[in-house]
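This briefing walks through a single protein model, topic by topic, for a reader who wants to follow each point on the structure itself. Please keep the sequence and the three-dimensional view open while reading.

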Amino acid sequence: MSTEYAEPGRGGTVVAGPWTPTVEPADTVEVAEPAPVAAGEVLPAARPAPLPARTRIADPIRLPAWVTSRTVARATARHSARVAGRVAVRSTWRAPEAVARGSWRAGRFWWSWVNAEDLAVELRDADSGKLGKDVFVVRDHRKVRWYITGSALGGTGIAEAIGAVMAGEWVPALSGVVAISAAGIAGRRRRAAGAPLVAGIERETKADLAPAHLNDAFRAAGLLRGADSSLVLRAPIVRDRLDRGWETLIDLPRGGGKTAADAIGKLPTIAAELSVDEIQLVMRRVRAHEGGHGRRLSLWIADDDPYIGKPTPSLLIDVERFDFWKAVPFGQDARGNRIDILLLWQSAFFGGLPRRGKTFSMRLLVAAAVLDPWTQLWLADGKGGADFRAVAQVAHRYVSGADPDDLEAFEAMLDALISEMSRRFALLASLPSSVCPEGKLTPQIMRRYNLPLIPFVIDELQEYFEAVEEEKDRQRIIGKLARVARRGPAAGIMPVYASQRPDAKSVPTKLREIVTYRYSTQVTDKTSSDMVLGDGKAKAGADASILSEEHKGVGVLVTGPASFVTVKADLLDNPEFEVICQRGRALRLAEGTLTGQACGDIGAAATQTGYTIPQIIGDVMEAFGQRSRMWTEDLLPALVNIDEDTYGEWDSTKLAAELDDAGVVRTMKQVKINGENRAGWLLRDIEGAIPPEVLAARPVEGAPSTPPAG
Ligand SMILES: Nc1ncnc2c1ncn2[C@@H]1O[C@H](COP(=O)(O)OP(=O)(O)OP(=O)(O)O)[C@@H](O)[C@H]1O
């Protein structure tokens, strides 16, 4: 790349260098060390990638990118082949035209020469326009030129004949080809200066990214004023470390009144002008501590969509035990940097359109919590689908569905959590400062006083908001959720909420603004994106509406007031999550930290003791929950809620027949609840069909092995 770039017909000049380091002193060799991480986009836990060594100023020779990069070489070859192909096809009709045009031009030239028109023009009297006595001079010249023409033709003819006889017939053939080619060249259409060889074949950005392209794109986006204002390159445009795109560092020109934030706001226009998708362009502001200022930007332009491709399997799949006090491996950004989320002292909100991977992404945090026996999971799944069913074997509290009963259980859970939060604050306040110096939970206090971390997870939150009929009830629930989000983290209670519908009703602003991490998978427009990520975020570049349907498991993660990153989350499917939950249960049993509803999980106890109990028995036990008796009219809808596909069509007769087949001996057909006798079932009859070893394997609720210290 030259030190000064100017291309005719494009206007403007990019002053390409000198490659001033973004950190003083000026004679340091490296450009921007550490690499330019931006405001606008900051990676929560990953280290920013350093600029490749090739961008160093002392680098004396820089080979063209197509020599060092296979991608660029391939794209250049592809482009050249397309151009050559088009030229070849076009030549079939353009070549004869050009030869005819060239012959006509040559003929006209010869005719004017042989008539000595050039001389005639020179000798003609300026006033009368007549040649006068000079006509004889002109005639003499014409005669001589005719002789020259004749001799040339004759000489050429003889030479061709001799050549044909002595060397072969290819001599006149070759002469003919040369003559035709010369006519073709003379008759070719003339291109305007700077026009491409073949119009319509655009050079891929992958093949070439010149300073002028950036200049044009920024000018089209209104960031450069006038033809002579231009960007200043602070690092050359080079291929990145992994040969996945181009990177550079630029300054907007002084005096233009435009800032790096303005440029980030124009990202879609710049991307379009560079002929790439918005998702392929990563622009970050370089902050002062990285050697930047308000006009400095780092740019990365990916060759292809960096978020499409095989998902990375979650690292949690192979982890035996996880420490939830540490950051959870979550996914990776466009450039392959790992992104981890430290949920401690934080809260999170997940939003986005259905089927884009919101639940799966959120479940990575849950899986990490499951693998730490010193976390106590409180979870509500508004849809009650299969995604979280496995969590029943480890969760302290688990509400599945949003029917009236579930809604009641959900609010009871919320109240219990708020009581627990208050209890924790009272306890922490009562501890001497030598034990609790910051008034916050520590791993030591957690174990000593039996205060496990509590991830409070709600998936499909909108289901609960829709299930409540009165607005005042909705507001009451929102108030409680906001209270947990505001105060919970300091007591080790970390709320993680998810909603499918990004509207004000499903994502109450009051709640969203308190939550620290916000993650959005694809949404329809910028307004919806802001609804999940926060007001003004789309304008600042954090825009989930630029994602497409193909971006499964990809979302924009806002980690603070001025920081965000687009992440492709790791994949953890349902069977893997099930295995993790089994592991989590075993860990809690070994540690004596299995508490709450998980203690009664009969399916998990059966797996543990090597039995397989019929599904209907497990599901009826789950439907019974803490009850000792149930009317059939309540039991049937509860079963439908657990698994609509299996129990949707069942009636009391079918239920009785299936339980009979599963070995249940019904000692009473009528059961009394609140003084009223109706057809129903007793828990002890159901338990009668379960092997005693399985029943014995159920841990006793609330019996931690580490008793609270006096
Ligand atoms: N990280 C990922 N990588 C690749 N594919 C994924 C990823 N996460 C999820 N998916 C795919 O996307 C599908 C939908 O995921 P998920 O159920 O989490 O969507 P959702 O947004 O929560 O939808 P809903 O709101 O309807 O529950 C999954 O079945 C899975 O196949």
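Against which helices do the buried residues of H17 pack? In this predicted model, the buried residues of H17 pack against helix H16 (574-591), helix H18 (615-624) and helix H23 (692-697). The protein as a whole comes to 23 helices and 20 strands, and buried residues make up 40% of its 710 residues. Of the contacts between residues at least 6 apart in sequence, 68% join residues that are at least 24 apart.

**Helix H17 and its end**

- Helix H17 spans residues 602-609, and its buried residues are Ile602, Gly603, Ala604, Ala605 and Ala606.
- Glycine 610 follows H17, and the phi of this glycine is positive, near 85°.

**Nonpolar cores**

- The largest nonpolar core has 126 residues, and those with the most contacts inside it are Leu365, Ala367, Ala368 and Val391. Helix H9 (residues 358-370) supplies the largest share of this core, namely 9 residues.
- Because domain 1 (4-72 + 200-302) and domain 3 (315-577) both give residues to this core, it lies between them.
- Leucine 365 is in contact with Val328, Ile341, Leu343, Ala348, Pro455 and Val496, when its neighbours within four places in sequence are left aside.
- Another core lies apart from the one just described, with 21 residues that include Ala604, Ala605, Ala606 and Val620. Ala604, Ala605 and Ala606 also appear among the buried residues of H17.
- As background, nonpolar side chains tend to be buried together in soluble globular proteins.

**Strand S6 and its partner**

- All 6 of the 6 residues of strand S6 (residues 281-286) are buried, so this strand is largely enclosed by the rest of the structure.
- Both faces of S6 are covered, since Leu281, Met283 and Arg285 on one side are buried, as are Val282, Arg284 and Val286 on the other. In a regular strand the side chains alternate between the two faces of the sheet.
- S6 is joined to strand S7 (residues 296-302) by 5 bridges, and the two strands run antiparallel; within this pair, arginine 284 stands opposite serine 298 in S7.

**The sheet of 10 strands**

- An open sheet is formed by 10 strands in the order S9-S8-S17-S16-S15-S10-S14-S13-S11-S12, with mixed pairing. Its edge strands are S9 (338-341) and S12 (397-400), each of which pairs on one side only.
- Neighbouring strands of this sheet are turned by 25° against each other on average, direction ignored.
- Strand S8 (residues 328-332) and strand S17 (residues 563-569) run antiparallel and are joined by 2 bridges, and glutamine 332 has lysine 568 in S17 as its bridge partner.
- Helix H15 (residues 526-533) packs on this sheet, where it touches strand S10 (348-351), strand S15 (517-520) and strand S16 (554-560), and its direction makes about 150° with that of S15.

**The sheet of 3 strands**

- A further open sheet has 3 strands in the order S18-S20-S19, with antiparallel pairing. Strand S18 (629-631) and strand S19 (670-673) are its edge strands, each pairing on one side only.
- In this sheet, neighbouring strands are turned by 65° against each other on average, direction ignored.
- Strand S18 is joined by 3 bridges to strand S20 (residues 676-682), and the two run antiparallel; arginine 629 has leucine 682 in S20 as its bridge partner.
- Helix H19 (residues 632-642) packs on the sheet and touches S18 and S20, with a direction that makes about 90° with that of S18.

**Helices H2 to H5**

- Alanine 116 lies in the loop between helix H2 (70-114) and helix H3 (117-123). Is alanine 116 buried or exposed? Alanine 116 is buried, because 20 other C-beta atoms lie within 10 Å, and 20 or more is the cut-off for that label.
- Not counting residues up to four places away in sequence, alanine 116 touches Val138, His141, Arg142 and Arg145. The C-alpha atoms of alanine 116 and arginine 142 are separated by 5.7 Å, although these residues are 26 residues apart along the chain.
- Helix H4 (residues 135-166) and helix H5 (residues 170-187) pack at an angle of about 135°, with their axes 7 Å apart, and H4 and H5 are therefore oblique to each other. Glu160, Gly163 and Ala164 of H4 make this contact with Val171, Pro172 and Ser175 of H5.

Technical notes. Residues numbered from 1 in each chain as written. Predicted model: local features only at pLDDT ≥ 70, side-chain atom pairs only at ≥ 80, totals over all residues. Buried ≥ 20, exposed ≤ 12 C-beta atoms within 10 Å, placed from the backbone. Helix = DSSP H or I, 4+ residues; strand = E, 2+ residues; numbered from the N terminus. Pairing = 2+ DSSP bridges. Core = buried A, V, L, I, M, F, W, Y, C linked by C-beta atoms within 7 Å. Domains from an automatic or database assignment. Contact = placed C-beta atoms within 7 Å. Axes fitted to C-alpha atoms, helices over the stretch in contact; angles between N-to-C directions. Parallel < 35°, antiparallel > 145°, perpendicular 65-115°, else oblique.
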